[in-house]
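The exercises below concern helix packing and residue environments. Work through each task with the structure open before reading its solution.

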Amino acid sequence: MQTTEIVERVQQRAGLDSSQEAHDTVIAVLETLALRDLGEERGNFAAQLPKELGEVLAVGDPEIKERFDASDMVRRVAKHLGAPLDESQHRTHAAFSVLMEAVSDGQVESLLKALSNDYASYAAWED
């Protein structure tokens, strides 16, 4: 899946007015995940994303990574976007689910194992 398709799907799912808002949401989610301890899955996940999106995960010191749950990810994305928590939750869910669709099923499974269990609800989208 290419970046433009990822952004279009996020825009549609989140009901955003512009592709820029959708792009900002994808970047906010990836920049937040870049702060999280993903172990070996960081590189594997990044390698399956379009290059410009995968590179976002490589930001920062790989030795200094945090462990936080999905609700903290939503709070961090909200702060990044300057959005209320309920809007951030919806946008984070839209972006995270599209990112999961952009990689292989095996990668989704491996990434979710590296995260706390509460991330799983953000990985799937019911139309």
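**Exercise 1.** Determine how α1 and α2 are oriented in this predicted model, and which residues form their contact.

Solution. Start with the geometry: the angle between α1 and α2 is about 105°, and their axes are 8 Å apart. Angles of 65 to 115 degrees count as roughly perpendicular, and therefore α1 and α2 are roughly perpendicular to each other. Next, list the contact: I6, V7, V10 and Q11 of α1 meet S19, A22, H23, T25 and V26 of α2. Sorted by class, the residues of this contact comprise 5 nonpolar, 4 polar and no charged.

**Exercise 2.** Describe the packing of α2 against α6.

Solution. Helix α2 covers residues 19-34 and helix α6 residues 85-101. Their axes lie 9 Å apart, at an angle of about 75°. That makes α2 roughly perpendicular to α6. On the α2 side the contact holds E21, T25, V26, V29, L30 and L33; on the α6 side it holds R91, T92, A95, F96 and L99. The class count for α2 with α6 is 7 nonpolar, 2 polar and 2 charged residues.

**Exercise 3.** Check the length of α6 against the expected span, then identify its buried residues and the helices they pack against.

Solution. At 1.5 Å a residue, the 17 residues of α6 should span 24 Å. The end C-alpha atoms of α6 are 24 Å apart, which agrees. The buried residues of α6 are S88, R91, T92, A94, A95, F96, S97, V98, L99 and M100. These buried residues pack against α1 (3-14), α2, α3 (41-48), α5 (70-81), α7 (105-114) and α8 (120-123).

**Exercise 4.** Is T32 buried or exposed, and what does T32 touch?

Solution. T32 belongs to helix α2. Its relative accessible area is 4%; buried means under 20%, so T32 is buried. A polar atom of the T32 side chain lies 2.8 Å from the backbone oxygen of A28. Not counting residues up to four places away in sequence, T32 touches F68, M73, R76 and V77.

**Exercise 5.** Place L81 in its helix and list its contacts beyond four places in sequence.

Solution. L81 is part of helix α5. With a relative accessible area of 21%, L81 is partly exposed. Leaving aside neighbours within four places in sequence, L81 contacts D24, T25, A28 and R91. For L81 and D24, the separation is 57 residues in sequence and 7.5 Å in space, C-alpha to C-alpha.

Technical notes: Residues numbered from 1 in each chain as written. Predicted model: local features only at pLDDT ≥ 70, side-chain atom pairs only at ≥ 80, totals over all residues. Heavy atoms only, no water. Axes fitted to C-alpha atoms, helices over the stretch in contact; angles between N-to-C directions. Helix = DSSP H or I, 4+ residues; strand = E, 2+ residues; numbered from the N terminus. Parallel < 35°, antiparallel > 145°, perpendicular 65-115°, else oblique. Contact = heavy atoms within 4.5 Å. Nonpolar A, V, L, I, M, F, W, Y, C, P; charged D, E, K, R; others polar. Buried < 20%, exposed > 50% of the residue type's maximum accessible area, 1.4 Å probe, protein only. Polar contact = N/O pair within 3.5 Å; in protein donor to acceptor, adjacent residues only side chain to side chain. Expected span 1.5 Å × (residues − 1).
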